[in-house]
Amino acid sequence: MAQSQSQTITIPLEHATPEQFYSVFNPPYLIHDICRQIGIGIDIQIAPGYRATIQLQFPNGEIRKIEGEVTMIEPPVRTTTFRTWIEHELGSDHKLKLEFTADGSVKWTVSCNHCPPPDDYIKLLESVSQAVDNHFAKN
């Protein structure tokens, strides 16, 4: 049995409260408009599991799609767990967990059974998190 490998990134919030940030990643999904503002295409299907497709274009022109679905929402502790994978790549399943630290920072943990999480994945989480935080500075 493969041992799960994980990587965690913690991002301090400057503008959004943890409640505001958390609300973006749970219904009704404000993330759609925020991603569009930073040039990331996202399509969210409101159905059981709340499935989303994120389309990314890399600097070399390559387009990849990340699929994801909510597997658990824990409102009392503001934690959401997602299952994500890269479209058409077998074995690319990741567990993605959104939490908040005691000081109100965002904490993302990416876990994978077969490999360490890709750096691009971690950078995407950081970019989206900063865009969400900045969104609340304007509103």
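The following dialogue explains how to read several features of one predicted protein model.

Biologist: What kind of model is this, and how are its residues numbered?

Modeller: This is a predicted model, in which local features need pLDDT of at least 70 and side-chain atom pairs count only at pLDDT 80 or more, while totals for chains, interfaces and linings use all residues. Residues are numbered from 1 along each chain as its sequence is written, and side-chain values use heavy atoms, with hydrogens and water left out.

Biologist: What is pLDDT, and which strand has the lowest mean value?

Modeller: The term pLDDT denotes the predictor's confidence in each residue, from 0 to 100. Where pLDDT is low, the predicted coordinates should not be read in detail. For the protein chain the mean pLDDT is 79, and 78% of its residues reach 70 or more. Among the elements, strand β2 (residues 41–45) has the lowest mean, 66, and strand β7 (residues 106–112) has the highest, 91.

Biologist: How many helices and strands are there, and in what order do they run?

Modeller: Helices (H or I, at least four residues) and strands (E, at least two) are DSSP runs, numbered from the N terminus. The protein chain has 3 helices and 7 strands. From the N terminus on, the order of the elements is β-α-α-β-β-β-β-β-β-α.

Biologist: How does one read the pairing of strands, and which strands pair with β5?

Modeller: Two strands pair if DSSP finds at least two bridges between them. Strand β4 (residues 63–74) pairs with β5 in the antiparallel sense over 8 bridges, with E69 opposite R83 in β5. These two strands, β4 and β5, form a hairpin with 4 residues between them, and R78 in the turn has a positive phi of about 50°. Strand β5 is also joined to strand β6 (residues 94–100) by 5 bridges, and that pair runs antiparallel. In β6, H94 is the bridge partner of T84.

Biologist: Is β5 enclosed or exposed?

Modeller: A residue is buried under 20% relative accessible area, exposed over 50%, and partly exposed in between (1.4 Å probe, protein chains only). Strand β5 (residues 79–86) is largely enclosed by the rest of the structure because 7 of its 8 residues are buried. In the whole protein chain of 139 residues, 41% count as buried.

Biologist: Which residues surround T81 and T84 in this strand?

Modeller: Contact means heavy atoms within 4.5 Å. T81 lies in strand β5 and is buried, with a relative accessible area of 7%. Leaving aside neighbours within four places in sequence, T81 is in contact with E69, V70, T71, M72, K95, L96 and K97. T81 and L98 are 17 residues apart in sequence and 6.3 Å apart in space, C-alpha to C-alpha. T84, also in strand β5, is buried with a relative accessible area of 6%. With neighbours within four places left aside, the contacts of T84 include I66, G68, H94 and Y121.

Biologist: Is T10 buried, exposed or partly exposed, and what does T10 touch?

Modeller: T10 counts as partly exposed, because its relative accessibility is 44%. T10 belongs to strand β1 (residues 5–11). Not counting residues up to four places away in sequence, T10 touches T101, S105, V106 and K107. The C-alpha atoms of T10 and T101 are 8.3 Å apart in space, although these residues are 91 apart in sequence.

Biologist: How should one read the length of helix α3, and which of its residues are buried?

Modeller: The expected span of a helix is 1.5 Å times one less than its number of residues. Helix α3 (residues 119–138) has 20 residues and reaches 29 Å from its first C-alpha to its last, close to the 28 Å expected. Among its buried residues are Y121, L125, V128, V132 and F136. H135 also counts as buried, at 18% relative accessibility.

Biologist: What is a nonpolar core, and which element gives the largest share?

Modeller: A nonpolar core is a set of buried Ala, Val, Leu, Ile, Met, Phe, Trp, Tyr and Cys residues joined through side-chain atoms within 4.5 Å. In soluble globular proteins, nonpolar side chains tend to be buried together. The largest core here has 29 residues, and those with the most contacts inside it are F21, F25, L98, V106, W108 and V132. The largest share of this core, 8 residues, comes from α3. V132 touches F21, V24, F25, I31 and I34, not counting residues up to four places away in sequence.
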